Each structure stands twice: as C-alpha cells, then as structure tokens.
Amino acid sequence: MQILDGKLVSAAVKAQLADKVTELKALDKKVPHLAAILVGNNPASETYVASKVKSCAEIGFHSTLLRFDEKISEKHLLDNITLLNENADIDGILVQLPLPKHINEELVINAIDPSKDVDGFHPMNVGKMVIGLPTYIPATPYGIMLMLEHYNIPTKGKHAVVIGRSNIVGTPMSVLLSRNANPGNCTVTLTHSQTANLKELCLQADIIVAAIGRPNFVTADMVKEGAVVIDVGINRIEDASKKSGFRLVGDVDFNAVAPKTSFITPVPGGVGLMTIAALLKNTYNAASQKVNMN
Ligand code: NAD
C-alpha cells in the first residue's frame with residue numbers, strides 16, 4: 001500500500017506556479033489575482049477560504065477576500081459579482097459554497113463571468129468539460145486527476161466506481177475518468193444514494209472515488225485487494241482529546257481499508273490539498289489567457 005500524498009503533490013504544483021510568478025514579475029507583468037467571496041460564518045467555509053487565501057500568498061498570487069454578513073441580499077451579492085467581473089485586475093472569482101438558504105446558488109454561479117470561473121461551476125464551463133474542450137475543471141476532480149497523473153496510476157480500461165453524484169465532485173469526476181485521455185479511459189459506474197447494490201459494485205472496482213459526506217462509509221468489505229481508493233470526504237467528528245473538540249475524517253474507514261489497497265489518499269493530507277492546488281492552477285490559467293490576449 002502506498003499513500004497518495006496530497007502534501008507532496010500539491011507542494012510540487014505550487015512550486016511550479018511560484019516559478020511562473022517569478023517569471024511574470026521579471027517581465028514586469030501582472031501576477032494572477034483571485035477574488036474569494038465568503039458569506040456568513042460557517043466554520044468549515046472559513047477554514048477553506050483561509051487556506052485558499054494563504055496559498056495565494058505563498059506562491060505570490062494576489063488575492064482579495066470579500067466577506068459578507070449571512071443576511072446579505074441576493075441582489076447585493078450579485079452586484080458584487082458584477083463588479084468583480086468588470087474589474088480587469090481580477091482574474092479568478094470563487095464563491096465559497098454553501099450559501100445561506102435565501103440565496104439561489106444557481107443564480108450566483110451563473111452570474112460569474114465564465115472566463116473568471118476558476119471553480120469551473122458555470123454551466124458553460126461544465127458543458128465544455130463534458131465534451132472535452134479546454135476549460136476550468138472543478139477544482140476537486142481536477143486535483144484528483146493531477147494526483148493520479150503524478151503517481152502514474154494506471155486508469156486505461158480500469159473500472160472506476162464513483163460514489164456520490166454532486167455537481168462539484170462526483171458527476172465531474174465520473175466524466176473526467178471516462179474521457180479518452182490519460183488519466184482517464186476508465187469504465188465508470190456513477191453511484192449514489194439510490195444505488196441498490198453498492199457493495200457489489202465497489203467490490204468490482206479497480207478505483208473507488210468516495211464523495212459522500214458520511215464518516216467511514218466505505219468499509220474494508222467493500223474494497224477488493226489492490227484497489228486504488230480516493231477519499232474526498234471531509235467530515236468533522238467529535239474528539240474530546242482535540243483542542244477544537246473535533247477531528248477530520250474522510251468517507252473511507254482508512255485504518256481498515258488501507259491494508260487492502262495499492263494506493264490510498266489520507267484525510268487530511270490528500271484530496272483537500274490537491275483541491276487548492278488545482279484552484280491555483282485554474283487561476284493561473286485564467287490570468288495567462290488575459291496575458292495572451294494583450
Ligand atoms: P453532496 O452532499 O452534494 O453529495 C453527496 C452524494 O453522496 C450525493 O450525490 C448522494 O447521492 C450520495 N450519497 C449519499 N448517501 C449515499 C449512500 N448511502 N450511498 C451512496 N451514495 C450516497 O456532497 P459533496 O459536495 O459531493 O461532498 C461530499 C464529501 O466530500 C463531503 O464530505 C464534502 O465535505 C467533501 N468535499 C471535499 C472536498 C475536498 O477538497 N476534499 C471538496 C468538496 C467536497
């Protein structure tokens with residue numbers, strides 16, 4: 001069993017991007033600039049946004065964090081997105097999800113200029129991804145693909161079972177793994193809460209991607225010997241021994257499953273770090289398109 005080390009791979013991606021920033025600066029060109037919008041005080045969202053802003057600083061990107069009270073009106077939020085769309089200094093825009101219930105997430109995502117949609121959630125970018133055109137790929141699936149590529153994990157002709165069909169993880173992951181590309185070229189089974197025979201399907205999988213949001217959902221009896229297991233889940237469970245009162249676990253029962261696998265991602269230290277690295281890559285690409293157009 002080998003750990004797919006998100007710390008190591010994301011550091012490599014970030015180092016490449018930092019080198020590119022150095023080159024841009026040497027040419028007196030503008031460095032990539034990410035704008036992040038955070039609404040309310042969801043503790044998990046606060047942590048994710050803080051990591052994204054910190055990572056920008058580490059590699060020399062500019063970032064702007066716009067924080068709004070959770071009672072912000074939908075209109076005020078949309079107006080702010082319009083301002084960011086029109087601001088030529090901003091290359092990438094991300095709106096941290098989930099948003100408060102009174103705000104229509106779909107409207108907000110659709111309001112982002114697709115050329116600045118570095119989360120890859122805009123329908124235009126999703127459509128491009130599905131037919132294999134160059135676009136911004138949603139950061140979590142993109143990060144997983146970078147990880148598979150880094151470790152040269154064989155995917156051609158393999159059976160991948162993706163658990164979870166969300167728009168941000170499971171569905172795009174199933175598309176990317178099935179594409180005629182490397183990594184890719186898998187036969188993909190996309191499973192979800194209504195799947196009747198999940199355990200049997202998982203037992204046939206060469207690659208399992210778990211994106212459910214339920215602690216330790218994937219157990220050892222669901223995994224065949226030698227499978228590759230990618231754990232996307234980030235779940236907080238109570239832990240009195242921690243100062244915070246909780247610890248993070250994935251969707252996979254890591255201790256029991258890991259010995260059966262050929263490769264496995266840990267939580268934390270796996271997919272989460274790759275998500276940030278992929279977001280930074282998308283932001284760099286957004287900025288360099290503008291540079292090319294000048
Ligand atoms: P979601 O709630 O939108 O989707 C969960 C999916 O799991 C649904 O499609 C549902 O059909 C499926 N599901 C629920 N119960 C099931 C069952 N019993 N059997 C099979 N499928 C079932 O969640 P999401 O946004 O895709 O996130 C999933 C997990 O990944 C969460 O823990 C989230 O925090 C985490 N996440 C991590 C990252 C990262 O960077 N590592 C990024 C996004 C999400």
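How far is an oxygen atom of the ligand from a polar backbone atom of Ile234? The distance is 3.1 Å. This is a predicted model, and the close-ups below take its features in turn.

**View 1. The ligand and the residues that surround it.** The ligand has 22 residues around it. The closest are Arg165, Ser166, Ser193, Val232 and Thr275.

**View 2. Three contacts to oxygen atoms of the ligand.** Start with Thr275. An N or O atom in the side chain of Thr275 lies 2.7 Å from an oxygen atom of the ligand. Turn next to Ser193. Here a backbone N or O atom sits 3.1 Å from an oxygen atom of the ligand. Ile234 also uses its backbone: a polar atom there is 3.1 Å from an oxygen atom of the ligand. Thr275 and Ser193 are also listed among the closest residues to the ligand.

**View 3. An aromatic pair.** Searching the whole structure turns up one aromatic pair. Its members are Tyr151 and Phe263. The ring centres are 6.5 Å apart, and the planes make an angle of 55°. The pair is classed as tilted, because only planes over 60 degrees apart count as edge-to-face and only those under 30 degrees as stacked. Tyr151 belongs to the loop between α6 (139-150) and β5 (159-163). Phe263 belongs to strand β11 (residues 263-264). The two residues are 112 apart in the chain, so the pair links distant parts of it.

**View 4. Burial of the two rings' residues.** Are Tyr151 and Phe263 buried or exposed? Tyr151 has a relative accessible area of 16%, so this residue is buried. Phe263 has a value of 17% and is buried too. The cut-off for buried is under 20%.

**View 5. The largest cavity and its lining.** The count gives one cavity of 30 Å³ or more. The largest cavity holds about 70 Å³ of space. Its lining includes Ile93, Leu94 and Val95, along with Asp117, Asp119 and Phe121. Which elements each supply at least two lining residues? They are β4 (92-95) and α4 (105-111). Strand β4 gives the most, with three residues. By type, the lining has eight nonpolar residues, two charged ones and no polar ones.

**View 6. Val95, a lining residue in strand β4.** Val95 sits in strand β4 and helps to line the largest cavity. With a relative accessible area of 6%, Val95 is buried. Ile81 is 14 residues from Val95 in sequence. In space, their C-alpha atoms are 9.1 Å apart.

Conventions. Residues numbered from 1 in each chain as written. Predicted model: local features only at pLDDT ≥ 70, side-chain atom pairs only at ≥ 80, totals over all residues. Heavy atoms only, no water. Phe/Tyr/Trp six-rings, centres within 6.5 Å; stacked < 30°, edge-to-face > 60°. Helix = DSSP H or I, 4+ residues; strand = E, 2+ residues; numbered from the N terminus. Buried < 20%, exposed > 50% of the residue type's maximum accessible area, 1.4 Å probe, protein only. 1 Å grid on protein atoms, 1.4 Å probe; cavity = no way out; pocket = protein on both sides within 12 Å on 5 of 7 lines; lining within 4 Å. Points joined across faces, edges and corners; volume = space filled by probe spheres on them. Nonpolar A, V, L, I, M, F, W, Y, C, P; charged D, E, K, R; others polar. Near = heavy atom within 4 Å. Polar contact = N/O pair within 3.5 Å; in protein donor to acceptor, adjacent residues only side chain to side chain.
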